Amino acid sequence: MPVRLLIVDDEDDVREFAASFFRKRKIEVVTASSGEEAVKIVVSQEPKIVLLDIKMDGIDGIETLKRIKELNKQIKVIMITGRDDEEAKQKTKDLGAYGYINKPLELDELEKMVMKLLEK
Amino acid sequence: MNTYSIFSFIAVILCIILSFWVVIKRRSPFSISFSRVCFLIGIWTAFPFVNSITKTDAEALVFTRLLYLAASFVPYFFFRFMFIVMEITSDPNIKRFSLFSLAFAIFFFVSCNSPLFIKGVVKYAPYFTVVPGPLYLLFAIYFGLSYGYATPKLLKIYSGSKSHRRNQLKYIIIAFFLAFMAGTMHFLAAYRIPEIFPHDILVITFTLIFAYAIVRYRLLDITIALTRASIFVIVYTLVLGIPFALAGFLGEWLSIHIGQNWWMAPLVLMAILATTGPFLYIYLQRKAEDRLLKEQKRYQDTLKKASLGMTRIRDLNKLIKLIVHVVAKSVRLNFASIYILDNDDVLYRLGAEKNKSNALVSEISSTSSLINWLTKNKDALVFEEIKRQMHDHTTEELEDLRSQMLSIDASVVIPSFIGDRLLAFMVLGEKRSGEIYSQDDLSVFTVLANQAALAIENARFFEEAKEMQEQIAQAEKMATIGTMADGLSHQINNRFHALSMITGDTMDTIHLVDMSTYTPEQKELITQIRHSLERIQANVVQGGEVVKGMLKYTRKGDAGLMAITLDKVLDATLEMVQYKIKLSMIDIVRDYPKDIASVVGNLTQLQEVFFNLIDNAYDAMMERKDTLKEEGYRGRIRIYTENVNSGFLTIHLEDNGIGVKLEDFKKLFTPFFTTKVSSRRGTGLGLYVIKKIIASNHGGTINVSSTYKQGTRFTIELPMHN
């Protein structure tokens with residue numbers, strides 16, 4: 001069964017291109033444009049990895065992380081954030097986030113992190 | 001009693017009053033000398049009056065001889081006075097001549113009682129004359145020679161003199177000419193040449209001119225003095241003369257027609273004339289002066305009008321330029337300038353000048369004697385006045401005033417006050433016409449100057465308000481940008497993020513393409529696209545860094561404060577700063593005790609504070625090194641502490657860099673203000689952020705003092721732990 005990766009971002013472009021990038025690597029990608037949608041997908045499709053933007057309209061990344069972790073502790077969540085925010089970093093770490101990447105990210109960097117996860 | 005004796009009486013009174021007045025008013029060699037001449041002339045001139053009241057010829061002779069005791073010294077003292085006026089008393093020739101003259105005076109003095117000098121007195125109706133002895137002619141010649149010797153010298157000095165002094169001499173020459181004429185008429189009468197009008201009218205005029213000239217010469221122009229004196233004499237000749245003429249020539253006719261009380265008619269007439277006299281005098285004087293002072297009135301009107309318009313000008317520079325321009329042009333001055341109190345109340349700075357001056361200084365200290373004088377006297381300061389006072393007695397203060405006025409090339413200094421505060425002063429050069437400043441001029445200038453003070457205050461206030469408004473607007477803008485920056489930077493960051501995704505994925509796609517079947521052209525195209533994408537990616541990364549920097553400045557205190565030692569802060573700072581500056585180029589001295597109290601602070605933030613301060617200091621020291629090129633110069637930062645304010649630790653960070661220019665000083669903490677040239681970076685946010693960190697986040701203070709070309713010292717107060 002192919003690995004399922006969920007990309008959560010309210011930016012269409014980000015979703016489209018990030019998804020395209022990982023699909024080329026034989027990874028099944030699903031996308032969500034909001035925290036609510038992400039939670040539904042987590043329930044219905046059980047992705048292994050989630051790329052989660054912290055700052056979104058509606059419920060934000062931290063809240064989404066919390067709900068995902070409540071649903072399934074096994075899911076690895078990589079937080080994507082706009083700023084070097086120690087407080088948020090700490091909070092997401094406490095909530096069980098796997099990693100933390102600053103915007104604007106370079107895909108190579110993300111790839112490395114995802115591949116590392118997959119090797120496990 | 002007749003008009004001759006009445007004028008004599010008036011002349012005596014005026015001479016004596018004047019002679020006392022000048023010495024009471026001012027005791028100087030000049031005034032004492034004049035007082036003597038005037039007093040002696042006064043006694044001599046009593047001749048017609050004294051004779052008119054004596055009963056017998058013998059009695060008249062005795063009195064006349066007594067009067068001549070005084071008269072015999074008139075030429076000598078006149079002579080002395082002249083040389084004081086000409087300031088040539090120390091000339092040995094003059095001294096010799098003086099002694100010679102004194103000998104003559106004594107000789108005539110001794111001879112007064114002898115018939116060789118004065119044989120008798122006769123009434124040569126309607127006036128009296130001396131019956132001359134042989135010596136009398138000699139005395140007349142002595143009198144004439146004294147005048148004849150001194151006057152050409154005085155005229156010569158007069159022709160070489162300038163403006164004010166020229167006017168002074170003009171008075172003296174004219175007045176003494178009149179006195180000389182009076183004496184001549186008196187002598188001629190003794191040799192049967194009729195005295196066609198009372199010669200004492202000339203003596204009266206002499207006193208009146210001098211009354212103006214000596215004591216108040218700066219107040220009136222000579223033409224005015226003369227006009228006033230003439231009008232006075234004419235009016236009062238009529239007032240007094242008509243009734244007497246009436247009594248003298250028509251007395252008989254009146255007594256026939258009116259009877260015993262005929263004398264009432266001239267008396268009533270005299271009363272009427274005496275009442276109308278002053279009005280007539282004032283009327284004529286005003287008419288005459290309107291004509292004479294037409295020019296003066298013209299510019300006084302211009303100035304008055306200008307002074308009203310001044311308060312409407314809000315640009316300070318424009319205003320003061322206009323003031324000097326209007327004054328210099330309308331009064332036709334060779335030069336005018338204005339000095340304005342600086343913002344820090346320490347200096348009066350040259351604000352504007354019209355025409356080139358010989359001024360040596362453009363700044364006058366507010367503690368200088370000139371400013372002291374103006375503040376104390378609140379009056380116009382006239383250079384000639386100072387010179388005259390120095391003539392009497394020189395004091396250090398006068399000497400100071402004189403040299404200061406010279407240094408700003410001032411003939412007159414007019415202060416501008418707001419309340420007790422001397423806001424500015426106007427410096428006027430000489431009038432092109434060489435005329436003196438009249439009292440009227442000075443009062444018009446004073447009005448103008450006070451109006452100017454209001455206008456200056458007004459303009460200043462307006463400028464300050466404008467500046468403040470600009471600052472407030474700027475601060476508001478900054479605050480808005482600050483709050484906007486947070487949201488904005490996220491938005492921008494998201495765009496970069498998306499861009500990064502797009503380029504990253506596209507590059508990845510290209511990377512994965514199998515190009516083995518491609519033509520070389522296609523391969524070349526792909527390579528070009530890939531290169532472009534790499535550039536886009538690189539720019540995105542760089543843009544991301546910029547945004548990160550921006551976010552750092554808008555970040556609120558994101559972590560708590562804790563006890564922290566200064567050493568720890570500095571260690572952390574130096575660790576960071578060594579990547580940016582060459583620590584080996586400078587000395588950093590920690591000049592405080594090891595056991596110093598901890599402060600309550602945030603390490604990261606304080607690290608940023610000291611990072612910026614040391615970085616700035618380094619730049620300042622390098623700039624000093626590059627620009628001043630001093631031998632053996634080495635940058636040095638000294639950090640030392642104090643316990644001034646209880647509960648706070650005072651930390652000084654002192655460098656010996658280039659320092660801050662005065663004009664930049666106020667703007668130090670203003671955001672986006674930077675003196676660093678663009679090539680050497682500097683966002684202008686460093687100190688702004690530092691201040692925010694210290695004041696808002698730590699509840700401390702930060703201050704700075706700096707001297708350009710010497711160094712800068714920052715003083716930070718941070719709350720101490722416990």
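**View 1. Strand 8 of chain B is mostly covered in this predicted model.** Strand 8 spans residues 421-428, and 7 of its 8 residues are buried. Strand 3 of chain B, residues 336-341, runs antiparallel to strand 8 and is joined to strand 8 by 5 bridges. In this pairing, Ala336(B) has Leu428(B) as its bridge partner.

**View 2. Strands 7 and 8 of chain B form a hairpin.** Strand 7 covers residues 412-418. It runs antiparallel to strand 8, with 7 bridges between the two. Ile414(B) stands opposite Met426(B) of strand 8. The hairpin has 2 residues between its strands. Gly419(B) takes a positive phi near 60° there.

**View 3. Chain A alternates strands and helices.** From the N terminus, the order reads β-α-β-α-β-α-β-α-β-α. That gives 5 helices and 5 strands. Chain A has 120 residues, of which 38% are buried. Take the contacts in chain A between residues at least 6 apart in sequence: 58% of them join residues at least 24 apart.

**View 4. Strand 3 of chain A is covered on both faces.** The strand comprises residues 49-53, and 5 of its 5 residues are buried. Ile49(A), Leu51(A) and Asp53(A) lie on one side. Val50(A) and Leu52(A) lie on the other. Asp53(A), a charged residue, is thus listed among the buried positions.

**View 5. Strand 3 of chain A pairs with strands 1 and 4.** Strand 1, residues 4-8, runs parallel to strand 3 and is joined to strand 3 by 4 bridges. Here Ile7(A) has Leu51(A) as its bridge partner. Strand 4, residues 76-81, also pairs with strand 3 in the parallel sense, over 5 bridges. In that pairing Leu52(A) stands opposite Met79(A).

**View 6. A right-handed β-α-β unit in chain A.** Its parts are strand 3, helix 3 and strand 4. Helix 3 holds residues 61-71. The two strands of the unit are parallel, with 5 bridges between them.

**View 7. The contact between chains A and B.** Chain A gives 19 residues and chain B gives 20 residues. On the chain A side, helix 1 (12-23) and helix 4 (86-94) are the elements that give two or more residues. Helix 1 gives the most, with 6 residues. The chain A side divides into 7 nonpolar, 2 polar and 10 charged residues.

How values were computed
Residues numbered from 1 in each chain as written. Chains lettered and ligands numbered in written order. Predicted model: local features only at pLDDT ≥ 70, side-chain atom pairs only at ≥ 80, totals over all residues. Buried ≥ 20, exposed ≤ 12 C-beta atoms within 10 Å, placed from the backbone. Pairing = 2+ DSSP bridges. Right-handed = clockwise from strand over helix to strand, strands pointing away. Contact = placed C-beta atoms within 7 Å.
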